[in-house]
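Visitor: I should like a close look at a single part of this structure, with the terms defined as they arise.

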Amino acid sequence: MVDVAIVGAGLAGLCCAVRLEQAGLSVRLLEAEDAPGGRIRTDQIEGFRLDRGFQILLTGYPELVHHFDMKALRLRPFARGALVWHGGRFHHFSDPFRGSLGTALSIAVDPVVGFADKLRIARLRHLVGRGEPADLFKWPEVTTRRFLEEYGFSSKMMERFFLPFLAGIFLERELATSSRYFQFLFRMFAYGDAALPENGMEMLPRQLAVRLQSGTLETNVRVSALRRSANGFVVEAGNKASYAARQVVLAVDDRQARSLLGSQNGNRHAKELMQWNRVTTFYYAADRTPIDGPLLVLNGEGQAAGPVNHAMVLSQASERYAPPGMHLIAANVVGRAPQSGLQIERLESDARAQLHRWFGADVARWTVIGGYPIAQALPLCVHAEWQQTNPCLTEGVYLCGDYLETPSIQGALASGRRAAQSVLQHIS
């Protein structure tokens, strides 16, 4: 029997396991897939590194420094800004406070959005930068769309910049996401970097996993049931051996947690199931880069112009994402995750046609390296708190996961840490 069994080895489960072992407890971490990481995995195909969905790391997340050796991640930052496609050409939109004077002047006169909107950006940047990040979660909460409209941003600014930019982060186009969470993320972008680990996003869970004691992590273990015993709990894994533990942490999504809990949850976990946002990421190999630099490319013309919301040449951020002499381009389609092969092929064809309009004839020679339709990409965050309610669901059972806080790496790490603290408080 171990002190704690943790079901799920995503970032939250890994973080919780590391913290508990550091405190001297015995832990068994059970993962259904063949490797830890949850939604943060990286596949290697033909020398390319394909994250399972286009993902980024915001270096300003407060939790990062408590869990990672940031230098060892060898982070490769994106360029500060974006290329917005509108009216048949690209417009450079960036933060004038973090670039050169020439960049600031060119942004001021670029017609893609008005000068008044750029001044509002500056004021918003100052607003979200005051105080501590936790203070943002005390503000009144509305949808992100309503907050931006009431702040005075024009429809041109909304459609050409905010909608594609935020849809790429939230993975939903209505901007129904909590204004608190938006303000937090805007602060992270304004005062930190967006980056990729040199060898892929999977370096994050890997760095946590190597800190575990030998034998703690077991993969390819799909937990099917949880039942109480005289000394705690028995975690059942189908035909595999059962696992006895004094305490259990469920680091899985809300649907899996509800299934495992059955009648043990009382009323606390009886709320409606989480709504998930969808996305499909297509990866292309090319022998020439369509743009110079690690710039995000945004669709400023809306869905009528094509399904791609945003794209990026990942090998411009980290050369390790592609083999020598090649480039890797990621194109994201927000709100769609077709499951049949024919539907995926049709969506890719539409995406390629749009990319051809953006980047020219070279796109016809690009090779599809991978396609990831992800039906459960990110939880929809309509309400955001800085700190989740008590992770202890019922006696001996704890919950953690980003869906309990904010749908982000920050949220996953914070939730895992707080679950570990709750376990330690109840055991001591």
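Visitor: Which residue in β17 does Y284 stand opposite?

Guide: Y284 stands opposite I329 in β17. The model is predicted, so local features need pLDDT of at least 70 and side-chain atom pairs count only at pLDDT 80 or more, whereas totals for chains, interfaces and linings use all residues. Residues are numbered from 1 along each chain as its sequence is written, and side-chain values use heavy atoms, with hydrogens and water left out.

The strand to examine is β14, residues 276-286. Strands are DSSP runs of E with at least two residues, numbered from the N terminus, and two of them pair if DSSP finds at least two bridges between them. β14 is joined to β17 (residues 327-334) by eight bridges, and these two strands run antiparallel. With β18, β14 pairs over nine bridges, again in the antiparallel sense; there, V279 has I374 as its bridge partner.

Of the 11 residues of β14, 10 are buried (under 20% relative accessible area, with a 1.4 Å probe and protein chains only). The strand is therefore largely enclosed by the rest of the structure.

As for the wider setting, β14 belongs to an open sheet of seven strands with mixed pairing, in the order β8-β7-β15-β16-β17-β14-β18. Its edge strands, β8 (89-93) and β18 (367-379), each pair on one side only. Elsewhere in this sheet, β15 (residues 296-299) and β16 (residues 310-313) run antiparallel and are joined by two bridges, with V297 opposite A311 in β16.

Methods:
Helix = DSSP H or I, 4+ residues; strand = E, 2+ residues; numbered from the N terminus. Buried < 20%, exposed > 50% of the residue type's maximum accessible area, 1.4 Å probe, protein only.
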